[in-house]
2 protein chains.
Amino acid sequence: VLRYRIAIVGSGAIGSYYGGKLAAAGSDVHFLMRGDLESLRRNGLHIHGPDEKVHVAKMQCYNSTAQIGPCDLVLIALKTTANHAIVDLVPPLLHEGTMLLTLQNGLGNEELLARHFGTERVLGGLCFIALRRISRTEIERYAYGDIVLGEYRRTAQPRTHEVAAGFHRAGVSCTVTDDLLLQRWRKLVWNIPFNGLSILAGGLDTAAMLADQSLRQATVALMEEVVAAANACGHALGRNAIEEQIRRTATMGSYKPSTLLDWEAGRELEIEAIWGEPLRRAAAAGADMPRLKIIYAVLRALGTPKRA
Amino acid sequence: VLRYRIAIVGSGAIGSYYGGKLAAAGSDVHFLMRGDLESLRRNGLHIHGPDEKVHVAKMQCYNSTAQIGPCDLVLIALKTTANHAIVDLVPPLLHEGTMLLTLQNGLGNEELLARHFGTERVLGGLCFIALRRISRTEIERYAYGDIVLGEYRRTAQPRTHEVAAGFHRAGVSCTVTDDLLLQRWRKLVWNIPFNGLSILAGGLDTAAMLADQSLRQATVALMEEVVAAANACGHALGRNAIEEQIRRTATMGSYKPSTLLDWEAGRELEIEAIWGEPLRRAAAAGADMPRLKIIYAVLRALGTPKRA
């Protein structure tokens, strides 16, 4: 059991799932969330999935981080579109050694934490997981669940392995990486085409996208662009990442990327973290991303209220 | 007055407008159209627009080209998505010297006519016009109206100037070109980005697209790709075409491209003529069009019924 005092900032599906797993394994977990907490306090949190049935009977949940107070580990699981709130939410949670672990999508989240709270506090985790929040008290996991964990701008430290072991003991598969940013780019090889084109193509799942010859080619072409951009930014990502992602996706069935789910639910899209920031970093490194520019422009327009 | 016997194949907005103008000027015009002809025969066709009010009292309209019989000039104004019908519709209209003039969008229409009915019959016209069909008997012209007319695979002939003069006398501004295909590519510099991105971006008009910095850049980048492709295909299109189109569009106000109107009305999109065929010709000429490939793939997916 992770003997840390833990805060979960942003208790949507991701935050509730990983926080719930840690709490169920006996860690001291405090959830920040908006809205009415009564039902959670009364019923606890239910998590179910393939071979998984967890009930966190006693949920420690709050509407304010001031009520939580200093913690050893803070999991940031806000949508990146809410990142502007971080600067106010985090300070009450800090003591001198507090670790900040962002489980958010895309690029720029570690940098934001480092800028405001210091580089050495920051870790990042990539979540490979398919979740659905059924209600405030119920989370369903469809597939996967593992985390790839790393330090911001340095190789793995003893604490990194300690946190990973804690997740592992809570039933969450957790791998440690010495190059977090490389792994973030590797994940973007998937997210940039699939999350984007699934929306642009009118709501297609991954199986439908792979079955369409032109869309599959467009997907691969975008992946090539991302791999080239990663390398231009100094991350030695091999072209085999592309084949790997396509092969893995083919085993996933009819999967809807998270941004498509956001889109269908009318939620704000994580445009800057997934498309905007990679584009800006590539441009700064001298790499042109013509396909990504088109996707980004269209997604931004889709995400903006239309003129009357 | 054009002393030809004229058939209009496809009496939507474009066919009704140009056929109506020729008929109002005294030409012998026969309209092929689907559905009930009674209201048109009873009320005639009304055309109105800026400084324009035309009533064609006596409309010669039919459900079959066999009822029309041989003509001197056939205007093809079908949506390109209905091109499969041409091989059956045209033969009853032919005598030895019948001219076939396609007023359709994009690339491939002259080639289809030439393949089935002989190269020397074929002319093409680019229509710069903003129309709306209000009802079966009423067409509204918002703006423009001019035609650029040329021969298929040869310079202008005496008959080209004769047809142009006929349009002109009917109140339709008509310019003759010696290089029809170059003009088609020049028009695609506009249609490929504006018709495509307006749909992908969720239904934006031209003013909204130009006002969005990212979309405007994406538009210009696509235009550059089209200019390069045209040149690779042997058409000496200058880069000034881009600036020209952007400047012209800025004067158009909140204009909705025809494909966006099709999309909003749930009609089939002219994907192959506007995006598919240019892409294939560019590829055959060794020109890569990465941005167009993305647009094409997405539009095809949007135009295909979704999997359940």
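Colleague: In which loop of chain B does Asp178(B) lie?

Modeller: In this predicted model, Asp178(B) belongs to the loop of chain B that runs between strand E10 (174-176) and helix H7 (180-200).

Colleague: With which residues is Asp178(B) in contact, once its neighbours within four places in sequence are left aside?

Modeller: Those residues are Arg154(B), Thr155(B) and Ala156(B). For Ala156(B) an atomic detail can be added: a polar atom of the Asp178(B) side chain lies 2.8 Å from the backbone nitrogen of Ala156(B).

Colleague: How far apart in space are Asp178(B) and Leu279(B)?

Modeller: Their C-alpha atoms are 24 Å apart, and the two residues are separated by 101 residues in sequence.

Colleague: Let us turn to helix packing. At what angle do the axes of helix H12 (residues 271-284) of chain A and H13(A) cross?

Modeller: The angle is taken between N-to-C directions. Here the axes of H12(A) and H13(A) cross at roughly 140° and come within 10 Å. The crossing of H12(A) and H13(A) is left-handed.

Colleague: Which residues make the contact?

Modeller: H12(A) contributes Ile271(A), Glu272(A), Trp275(A), Gly276(A), Leu279(A) and Arg280(A). From H13(A) come Leu292(A), Lys293(A), Ile295(A), Tyr296(A), Leu299(A) and Arg300(A). By class, the residues of this contact comprise seven nonpolar, one polar and four charged.

Colleague: How should the interface of chain A and chain B be read: how many residues of each chain are in contact?

Modeller: One may begin with the residue counts and the buried area. In this model, 27 residues of chain A are in contact with 27 residues of chain B. The two chains bury about 2200 Å² between them, with 66% of it on carbon and sulfur atoms.

Colleague: How many salt bridges and how many residue pairs in polar contact does the rule find across the interface?

Modeller: For chain A and chain B, the rule finds zero salt bridges. It finds two residue pairs in polar contact, both at pLDDT 80 or more.

Colleague: Which helices of chain A each supply at least two residues of the side that touches chain B?

Modeller: They are helix H7 (180-200), helix H8 (206-211), helix H9 (213-232) and helix H13 (290-302) of chain A. H13(A) gives the largest share, 10 residues. The side of chain A that touches chain B has 18 nonpolar, three polar and six charged residues.

Definitions and conventions
Residues numbered from 1 in each chain as written. Chains lettered and ligands numbered in written order. Predicted model: local features only at pLDDT ≥ 70, side-chain atom pairs only at ≥ 80, totals over all residues. Heavy atoms only, no water. Contact = heavy atoms within 4.5 Å. Buried area = accessible area lost by both parts, 1.4 Å probe. Salt bridge = Lys/Arg side-chain N within 4 Å of Asp/Glu carboxyl O. Polar contact = N/O pair within 3.5 Å; in protein donor to acceptor, adjacent residues only side chain to side chain. Helix = DSSP H or I, 4+ residues; strand = E, 2+ residues; numbered from the N terminus. Nonpolar A, V, L, I, M, F, W, Y, C, P; charged D, E, K, R; others polar. Axes fitted to C-alpha atoms, helices over the stretch in contact; angles between N-to-C directions. Left-handed = near helix turned anticlockwise from the far one by under 90°.
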